[in-house]
Amino acid sequence: MNQVQTLERSDMEAVTKAWSHVRGNLRRSAGQRLFDQWLKPVVLIDGSTSEAVRLGLPSSFMTQWVKNHYSERMLLEFRAVLPDVVSVTIETMADEPKRVLKAGPEAVPAVLPQGERPTFDPRFTFERFVVDSANRVAFNAAKAAAQPGMPQFSPLYLHAGTGQGKTHLMHALGHAFLEANPEATAIYVTAERFMFEFVQALRNKDTHAFKTRLRSVDLLMIDDLQFIGGKDATQEEFFHTVNEFMSSGKRLVIAADRAPQALEGFEPRLAGRLGSGLVADIKPAELELRRAIVVRKLEDMPAVDMPDEVIDLLAARITSNVRELEGALNRLVAYANLSNETITIDFAVATLGEVLRNAQRRITIDEIQRAVSSHFEVKQIDLISERRAVAIARPRQIAMYLAKRLTTRSLPEIGRKFGNRDHSTVIHAVRRIEELRGKDVEIDGAVRTLMRSLEG
């Protein structure tokens, strides 16, 4: 081996060693989920030098994303190890894979793996999910969907208000499915991320890689589906993805804040597809469930001594959603630890005063619609429909009236929540119920009962 070859080999070894160091830093800073999804497929291409590093990805879609988000970061990371580095280029590899260099003890794959194994939140498992009548159907459906073999239903559609446990069940399902199927692949993504990646693929004229990546996995989970309402192109692609999973018998799990037919800005054919599997709702947590959740969380804090009256306070006053209940508990425990105080009812009220007051006032239109539909024994979807029968129209007007009285939403916002009605319709409903309350004892009694129930 001549001197030039020796120098070239030494240079390659230095770059390879630097690349191993950079990958480690990226994994730690980006987090496992983002690293696995975007940065793990990046490879070091043969021909890189200590002045010009060449990195490769299997598709232009992924290349563009990494360029936009990490090109400067990668240059800085390499320069921290190799001061002579002038450039770091990120390229799309040709159909014939270029030879890649090793990073660390194992070779970096030259092509994107056929599937993915996302890192699910270790806190969100089936064992840690507190079950009662409000969420039992959704819980059992998620457990069934995680079992090996052909799924009993696909898609599984979970819907509930914010912070009621949808995301917990999806992560738990993912944990159980991958544990029971060690060779299986899965993707968990929010609807906003789905939309972003699809738009990027369109711009880069690389939709094939986008579709292949999503449809090649054994389990696809899309969270917060409501956010693609009104996005026609994204819905079209999502519709075909749903069809692909249904026809191939693979698992598709969707979560949103309302039932398929109540999604705003969604094509009827897509809503119909989503409703053709199993639709399971999670109702707002009642007092007993909220208390059980607090007790379950305290089991993970053995050093915390919390009196029953404080547990009862949290469960009774934090009624908006489970996420806020957990947040209030964590805040109370943290303040007690930081101030070296004993948790008492007075300490809890002083620490959570603002939280307790806000929790009492925060009521959503979705909660109002559920309460009204239950009180008058009508379907919630009827409240946003075009039906004008008095048996539907009067509860709808009462719901609009309560939305104006109990929330801070504007008249146009309230109208949109009731089937995209004009704000003048809301004004008419408010005035009509105000008028009826003055002369109809039954209407006034119903409104008072609903307000007491909603205000807790």
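This is a guided tour of a predicted model, moving from the whole chain to its sheet, its cores and some individual residues.

**The whole chain**

Begin with the full protein chain in view. Its 456 residues include 48% that count as buried. Along the principal axes, the C-alpha trace spans about 105 × 60 × 45 Å. With a cartoon display, the secondary structure comes to 19 helices and 9 strands. Turn next to contacts between residues at least 6 apart in sequence: 73% of these join residues at least 24 apart.

**The sheet**

Select strands β5 to β9. They form an open sheet of 5 strands with parallel pairing, in the order β6-β7-β8-β5-β9. Which strands stand at the edges? These are β6 (186–190) and β9 (278–281); each has a single partner strand, so one side of each is left without a neighbour in the sheet. Neighbouring strands here are turned by 15 degrees against each other on average, direction ignored. As general background, strands of a sheet pair through backbone hydrogen bonds, either parallel or antiparallel.

Now walk across the sheet, starting at β6. Although β6 is an edge strand, 4 of its 5 residues are buried, so β6 is largely enclosed by the rest of the structure. It pairs with β7 in the parallel sense over 5 bridges. To find one of the matched positions, select Y188, whose bridge partner in β7 is M221.

Move on to β7, residues 219–223, which pairs with β8 in the parallel sense over 4 bridges. Highlight I222 here; opposite it in β8 stands I254.

Strand β8 covers residues 251–256, and 6 of its 6 residues are buried. Show the side chains of this strand. R251, V253 and A255 point one way, while L252, I254 and A256 point the other way, and all are buried.

From β8, continue to β5. These two strands pair in the parallel sense over 4 bridges, and the bridge partner of H159 in β8 is A256. Strand β5 itself consists of residues 156–159 and is joined to β9 by 4 bridges, again running parallel. Select Y157 to see the position that stands opposite V279 in β9.

**The nonpolar cores and helix α3**

Leave the sheet and display the largest nonpolar core, which has 52 residues. Which residues have the most contacts inside it? They are M74, L225 and F238. The largest share of this core, 8 residues, comes from helix α3 (residues 60–81).

Centre the view on M74. Apart from residues up to four places away in sequence, M74 touches L26, L39, V42, L55, V66, V88 and I90. A second, separate core has 29 residues, including F139, A146, M170 and A255. The last of these, A255, is among the buried residues of β8.

Select all of α3 next. Its buried residues are F61, M62, T63, W65, V66, Y70, M74, L75, E77 and F78. How far does the helix reach between its end C-alpha atoms? The span is only 28 Å, whereas a straight helix of 22 residues would span 32 Å at 1.5 Å a residue. Look along its length for a kink of about 65 degrees, centred on Y70.

**Helix α10**

For another helix, select α10, residues 287–298. At 1.5 Å a residue, its 12 residues should span 16 Å, and the end C-alpha atoms are 17 Å apart, which agrees. Its buried residues are L289, R290, I293, V294, R296, K297 and L298. Add α11 (308–317) and α12 (322–339) to the selection, since both are included in what covers these buried residues.

**Two single residues**

Select R213 in helix α7 (residues 207–215). Is this residue buried or exposed? R213 has 9% relative accessibility, under the 20% limit, and therefore counts as buried. Its C-alpha atom is separated by 9.1 Å from that of I187, a residue 26 places away along the chain.

Finish at T125, in the loop between β4 (100–101) and α4 (136–145). At 15% relative accessibility, T125 also counts as buried. Leaving aside neighbours within four places in sequence, T125 is in contact with H168, A172 and H175.

Key: Residues numbered from 1 in each chain as written. Predicted model: local features only at pLDDT ≥ 70, side-chain atom pairs only at ≥ 80, totals over all residues. Heavy atoms only, no water. Pairing = 2+ DSSP bridges. Axes fitted to C-alpha atoms, helices over the stretch in contact; angles between N-to-C directions. Core = buried A, V, L, I, M, F, W, Y, C linked by side-chain atoms within 4.5 Å. Buried < 20%, exposed > 50% of the residue type's maximum accessible area, 1.4 Å probe, protein only. Contact = heavy atoms within 4.5 Å. Expected span 1.5 Å × (residues − 1). Bend = angle between axes of the 7 residues up to and from the residue.
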